[in-house]
Structures are given as C-alpha cells and as structure tokens.
Amino acid sequence: MDKLRIRGGRELQGEVAIAGAKNAALPELCAALLSSDAVTLSNVPRLQDVTTMLKLIRNMGVQVAQGEDGVVVLDASTLNQPEAPYELVKTMRASVLALGPLLARFGQARVSLPGGCAIGSRPVDQHIKGLQAMGADIVVEHGYIIAKLPAGQKRLKGARITTDMVTVTGTENLLMAATLAQGETILENAAQEPEIPDLAELLIKMGAKIEGHGSSRIRIQGVDALHGARHAVVADRIEAGTFLCAVAAAGGDVFLRHARGDHLDAVIEKLAAAGARISVQEGGVRILSQGRLKAQSFRTTEYPGFPTDMQAQFMALNCVAQGTSTVTETIFENRYMHVNELLRLGAKIQIDGRLAMIEGVSRLSGATVMATDLRASAGLVIAGLVAEGETIVDRIYHLDRGYDRMEAKLAALGADIERVK
C-alpha cells in the first residue's frame, strides 16, 4: 500500500496545471450512455474513480477508447448489459449516476447501492423518488436498485420534482433521465455546483433542451434521442482550492493554470481575509502568501457557499494560523475523521458535534498519520507540508481517487514529497 513521505518547511513556487474535475467527469461519462453515437470527452483526469467508472461502463458493453492526453471516446451503441454490479460500485458512490441514463434509454436498469468514502449518510432515496415521479417502477432488494418502466410505457414521463434536500448526484441523475423523457420536467431545489451546468452543456451539445442549469430551478424538454458530441471537462475547483490552501499554509507564489476563480468565490474570500493575496488572471488564479496567516471561521453549505469538500484542507491551514477559529460542518455528519490525525501532528482541536474549535499553533511536528477519506487525505498532506520533520501519510489510495498525481505536482513546486511503495 502506497504512502507519502513529506519533509515540511519549504515554500511553494511556480505554476501548476489544474486537472479536469472528477465530479464533472464522472456524470459526463455516464451521459454517454444516453446515446448510440460516440461521445468524446477531453480533459478527463487520470484518477482511480475515473478508472473505476470506465471499467463499469466497459462491463455494460460500451466501447471505450482512452488516450494518454486525457481524451476518452465512448460508444454506447453496443451496450447490452444495463447493470452496475456491486463488485464495481462498492468503492465509488458516483456509480449510481448510471441509473438515470440506463432507465431513460433502455427502460430498465439494475444498479447496486453505492459505496465510496465513509464520511456519513448519503442516501439515494431522492434519486428513486424523482424517477418514480417520472413513471418508473423501482424496488430495492438484495442490495440493488431495480428500475423499469411499466408494461406498455416506452419512455419516462416529464414531471415536476422537488427534492427534499439539495443533492448533487440526485440533480445530475434526474437531469440526465429527463433529457429522454416524454414532455417537460422541472427540477426544483436543484443543486447549483459548477459541475452541473458543465454536465448540462454536454447534454445540450448532444441535443438536449435544458434551461436554468446553474440555478435552483432547471427546466428540461424531453427529446426522442440524443446524438454524439465533443466536450472538455471543466477544471476541478476542489483541486484548485486544495492547492490554494497548500500555498497559503506553506507560503510562496504559485499560478494555478486553468483554475476558475468564479467557481471558488467562498474559498478565495476566506483566504483573502486570512491574509493571502489572490488574483484571478487570464488562464488561471495566482496566490501569494507570506508570513503566518490569520485563522478564519467558516460554515460548510451547498454551493455557492463554502464547500464541504474544502473543509479538511482549510482546517489544516487554520491549525497553523494566528488565533482561534470554528468550523461548522452542515453537510456530512461524519466528516471530522481527519481531526485525530491532525492532533498527532500537534494541532489543537476540540470537537462538539458538528462544531470544531481550532486554536492555531506556531508549529506542527511530523508524525505518521492515516488518511480516512479523500479530502481528509488532502488536509493531512497540507499539514505535512508545514510540519517540522518528516510526516508519513498512509492509505493514500483515498487521495488517488480524487487528485491527479498530487505529489508530483507539489514536488514540481518545490515541496519535499515522494510516494513510497
């Protein structure tokens, strides 16, 4: 099992290229299931979750051609197995995104209940309720979601769907399903994360009729069929935010090529208040950080608020910032598993339910820590970059699920970091 060895204390300097967004690439790979024509995606990140999704899609009978340059061509004309088995779904929750496209195009789907990071309850009941509102018959048995259209019904039917909670994958699943439904579908209380309008733009290129994507109300007019298209995956705002926090904590001057400042308003605002100098420039975002920053309190919430996927990384920054701060986690009830590992490095953190209270310290000291989930891994790497001595981050297979060669990118910026087999 691979580990990362980090010797802290080095500033970061230079330029780093931000990869395509994992959370955009995964639903867009599933969107290819909606058409019998080839769909070509570029800027697809090289991540374990992408590898898993491509394996799942191939298992359905889809022809996949993958290049070294981040280009993936998917031909679902040969799809003959509308099923996502447990063996492939258990490690990645995003596999449930196959449910809507399979049901919309083939009238049936069998998808295992998903797995992924153990950060809390992430039920798929909103997906099921929405598809049922569109006329699907769905049962959950033996660990599988089994969906089909009633006898004599050839297509899903448009519906007005208001989800009980804001759900990103639920919005994506229902959006994809609605593109081939009969009539109009309106999604109320839709998630607004940038990955959703990026998915909608791909679907529109494929012939879908969508309005309001990027807002809480999305209107879809169903069409008879979708055709092939070409689309570049949007840059990963969470990878960009992670590197911003890394530079802010370690110090330095770095340009994040391809980063979208307009997708990071909440994070940039907090970093600027902490004392980092950030400028949105043509082709990316630049950050300059000198000296110890000021601790910042924040509360995670749905986009455009502060993202839960940036909570661990910013908490690592707060651990070495001046002053005391609080973090309130409102999205997932079990997303403080990195706290015990930060304590091993000398951080001062107290947890009270969903509230974390952090007292900034002048130094952290290197130790062996264990990654518990994807974003917690990134937070531990940031802490290791500023800790005195050597830090070993174990179980980094979590990190590989969402970051494209993070250690190589950090090393190119001057960090003393290496992967240990």
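Which residues touch the most other members of the largest nonpolar core? They are Leu74, Leu175 and Leu203, within a core of 77 residues. Helix H1 gives the most to this core, with six residues. Another core lies apart from it and holds 70 residues, including Ala248, Phe298, Tyr336 and Val386. The model is predicted.

Leu175 shows how such a hub is surrounded. Leaving out residues up to four places away in sequence, Leu175 touches Leu187, Ile196, Leu199, Ala200, Leu203, Ile210, Ile218 and Ile220. Leu203 is thus on the contact list of Leu175, and both are among the residues that touch the most other core members.

**Annotated pair in H1**

Helix H1 spans residues 22–31 and contains Lys22. Asn23 is in H1 too. An unreviewed UniProt entry carries the annotation "binding site" for Lys22 and Asn23. Are the two buried or exposed? Lys22 counts as buried because its relative accessibility is 7%, under the 20% cut-off. Asn23 has 27% relative accessibility, so it counts as partly exposed.

The side chains of Lys22 and Asn23 make a polar contact at 3.4 Å. Beyond neighbours within four places in sequence, the program lists for Asn23 contacts with Glu172, Glu195, Asp309 and Arg375. For Lys22, the list includes Asp49, Asp236, Arg375 and Arg401. It also includes Pro45, Leu47, Leu374 and Gly402. Arg375 is in contact with Lys22 and with Asn23.

**Aromatic rings**

The whole structure holds three aromatic pairs. One of them joins Phe306 and Phe314, edge-to-face, at 5.6 Å centre to centre and 85° between the planes. The 85° angle is why this pair counts as edge-to-face, since the cut-off is over 60 degrees. Both rings belong to buried residues: Phe306 has 5% relative accessibility, and Phe314 has 0%. Ring pairs link Phe298, Phe306 and Phe314 into a cluster. Phe298 is also a member of the core of 70 residues.

Elsewhere, a charge meets a ring. Arg110 lies over the face of Tyr144, 3.8 Å from the ring centre.

**Packing of H5**

Helix H5 covers residues 125–133, and its buried residues are Gln126, His127, Ile128, Gly130 and Leu131. What do they pack against? Their partners are helices H4 (99–106) and H6 (168–178), together with strands S8 (137–141), S9 (144–148) and S10 (160–162). Just after H5, Gly135 takes a positive phi of about 100°.

**Backbone exceptions**

Several other backbone angles deserve a look. A cis peptide bond joins Tyr303 and Pro304. Pro304 sits in the loop between strand S18 (298–299) and helix H10 (311–319). His142 and His258 have positive phi values without being glycines. His142 is in the loop between S8 and S9, while His258 is in the loop between strand S15 (252–257) and helix H9 (265–274). His142 counts as exposed because its relative accessibility is 75%. His258 has a relative accessible area of 43%, so it is partly exposed.

| Residue | Angle |
|---|---|
| Gly135 | phi about 100° |
| His142 | phi about 55° |
| His258 | phi near 80° |
| Tyr303–Pro304 | omega about 15° |

Key
Residues numbered from 1 in each chain as written. Heavy atoms only, no water. Phe/Tyr/Trp six-rings, centres within 6.5 Å; stacked < 30°, edge-to-face > 60°. Buried < 20%, exposed > 50% of the residue type's maximum accessible area, 1.4 Å probe, protein only. Lys NZ or Arg CZ within 6 Å of the ring centre and 35° of its normal. Helix = DSSP H or I, 4+ residues; strand = E, 2+ residues; numbered from the N terminus. Contact = heavy atoms within 4.5 Å. UniProt positions renumbered as here; feature names shortened; annotations may be inferred. Polar contact = N/O pair within 3.5 Å; in protein donor to acceptor, adjacent residues only side chain to side chain. Core = buried A, V, L, I, M, F, W, Y, C linked by side-chain atoms within 4.5 Å.
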